[in-house]
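Okay, thanks everyone, let me get started. I'd like to walk you through one structure today, so have a look at the screen.

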Amino acid sequence: MLLQIKSFSIPLKILFALSSLLILAQSATLPFIIDNESYYIQTIKWLNEYGLVKGLANLHLFFGQTSGWHITQAVYSLSFLYDRFNDLNGFCLLLTNYFVFNKLYHYFSEGNRTDLVFGLFPLTYIFLFQFVSSPSPDLPVYCFAFIIFALFLQNGDSKDNFSFIGILALYAVYIKVTAFILLLFPIAYLLKNFPLLKRRFLKINCIAILVFVLFLLKNTTLTGYPLFPLLYFRMDSFDYTVPSIIMDFFFSKSMLHSFYFPNEAYQAASLLDIIKHYFFHNGLTGIIGMVSVLLMLIIPFVIIKKQLSRQIWVIYCSFIILAILLCFSSPQYRFYIYFTLFFALLLISLIVKNEKWIIRTLSLGMILCIVLVFVPMSYSNLTENNLLVQNSTFNIKNVVIPEPNSKWKSEYRGGSVGNMRYHCPIDNSFFWVTGNGELPCINTKQLDYFQHGFFYIPQQRSIQLSDGFCSQKVSGDE
């Protein structure tokens, strides 16, 4: 790696060093993603203390979403040494940063225009930096997707490329099930080169089976639903399985679309109404939606006119397939944005080809990142969520001491329900908030809502927290 970096030109070395320092600085800021306060921190805490806990989703439904990335973060958080090792996302982006600058170096030396698409990846940091300071599973999926695209388009050792693509795609799905579309790439690669890859296929197939089994065991342990968040194959024989009334409500189509479409209006809406409402939604969601639609319309003409690689069609068709499937489930931009970013960079690479202009364009991107990392800014025009209107900035003290893992106030009070004692954040203005509270931690608002809305309360299965939780039915009069 060091030898490769030494071969970079002076401007490339400066940009690489600057981007790496900005990633490190952003890693030391307060977490921005609100999901960090609802379940990221607590999920990792439970994993550190007790591993996978039976029925943990009964305590907080989001804990059932425990990601493979959070399992990995728990391994490296070293909580017994220090409570602020929470920067796996920063490390992931640092490695990806080296990968894309290496691609840019090869473009300057060899002129392969495909390499330029990935060499322009730092232009996306103005968007990706929001995911760096918390262990969001979205960021590694985006990084792995770009690496998969690069290997898929690369002319090289078919066997090695297939192995890397297959393993990264499987890990991405284990991290976030909505990344399932990435499995199309090792399949397409295999079909194209089957005579050479049939032996490697058996090895990758074994890994795939192992990942699938781990996925089923993880979900079954946490929720009683092997395919969580899908509601099929519910395990009724387990006393810790999340009640069906709760799962049916929170994973109904109307709830999955409620972040941008009024829940009460969903039942009467047609598919066209839903799509129109999403793509004309206010704020960042609407902007990304409109850009994505424009790219879907433009890219086929670009591929044909510029006579781009046939493999680009595979990436494009994967984008279309994912977009269609998400329209029937939950079209959140976080689930498809890496395709939008890829095709946006593809267009830029067809316009900005000269080395000087590439360096200037990347320099402008770095300047915007510097502003984002060091200057307080308001996002009120891009989001209606009051919890996301202010960015997290780097302070000089963060050179030595990074910010805490949570931006929520560290004030908690004790409470109890049935046989369970818990900690509740005093500031419970956010329904799902848990922050960095001691285990077990849950918002009293949430407890009351589940008790009076579904007539269930979470209970410990024994006096030991490690034995997990179940949901106990209570009278509707309580």
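I'll go through aromatic rings, then cysteines, then a hairpin. Keep in mind that this is a predicted model.

So, aromatics. How many aromatic pairs does the count come to? The count comes to 50 aromatic pairs. I'll pick out a couple of them. Phe118 and Phe146 make an edge-to-face pair, with 6.3 Å from centre to centre and 90 degrees between the planes. That pair links distant parts of the chain: Phe118 belongs to helix α6, residues 113–119, while Phe146 belongs to helix α8, residues 138–153, and the two are 28 residues apart. Are these rings buried or exposed? Phe118 has a relative accessible area of 1%, so it counts as buried. Phe146 comes out at 2%, so that ring is buried as well.

Now stay on Phe146, please. Phe146 also pairs with Phe149, and this pair is tilted, at 6.2 Å centre to centre with 55 degrees between the planes. Here both partners lie in helix α8, three residues apart, which is about one turn of the helix. Phe149 is buried, just as Phe146 is.

In case anyone is wondering about the numbers I keep quoting: a pair of aromatic rings is described by the distance of the centres and the angle of the planes.

One more ring before I move on. Which residue lies over the face of Trp357? That's Arg360, at 4.8 Å from the ring centre.

Next up, cysteines. The disulfide count comes to zero. As a reminder, a disulfide is a covalent bond between the sulfur atoms of two cysteines. Let me show you two of the cysteines. Cys206 has 52% relative accessibility, so it counts as exposed. Cys424 is in no disulfide, and the nearest cysteine sulfur, from Cys441, is 7.1 Å away. The cut-off for a disulfide is 2.5 Å between the sulfurs, so a distance of 7.1 Å does not qualify. Cys424 is at 1% relative accessibility, so this cysteine counts as buried.

Last stop, the hairpin. Strand β1, residues 412–417, and strand β2, residues 420–425, run antiparallel and are joined by six bridges. If you want one bridge to look for, find Ser416, whose partner in β2 is Arg421. Between the two strands of the hairpin there are two residues, and Gly418 takes a positive phi near 60 degrees.

That's my tour, thanks for listening.

Definitions and conventions:
Residues are numbered from 1 along each chain as its sequence is written. This is a predicted model: local features need pLDDT of at least 70, side-chain atom pairs count only at pLDDT 80 or more; totals for chains, interfaces and linings use all residues. Side-chain values use heavy atoms; hydrogens and water are left out. Rings of Phe, Tyr and Trp (its six-membered ring) pair if their centres lie within 6.5 Å; planes under 30 degrees apart count as stacked, over 60 as edge-to-face and the rest as tilted. Helices (H or I, at least four residues) and strands (E, at least two) are DSSP runs, numbered from the N terminus. Buried means under 20% relative accessible area, exposed over 50%, partly exposed in between (1.4 Å probe, protein chains only). A charge sits over a ring if NZ of Lys or CZ of Arg is within 6 Å of the ring centre and within 35 degrees of the ring normal. Two strands pair if DSSP finds at least two bridges between them.
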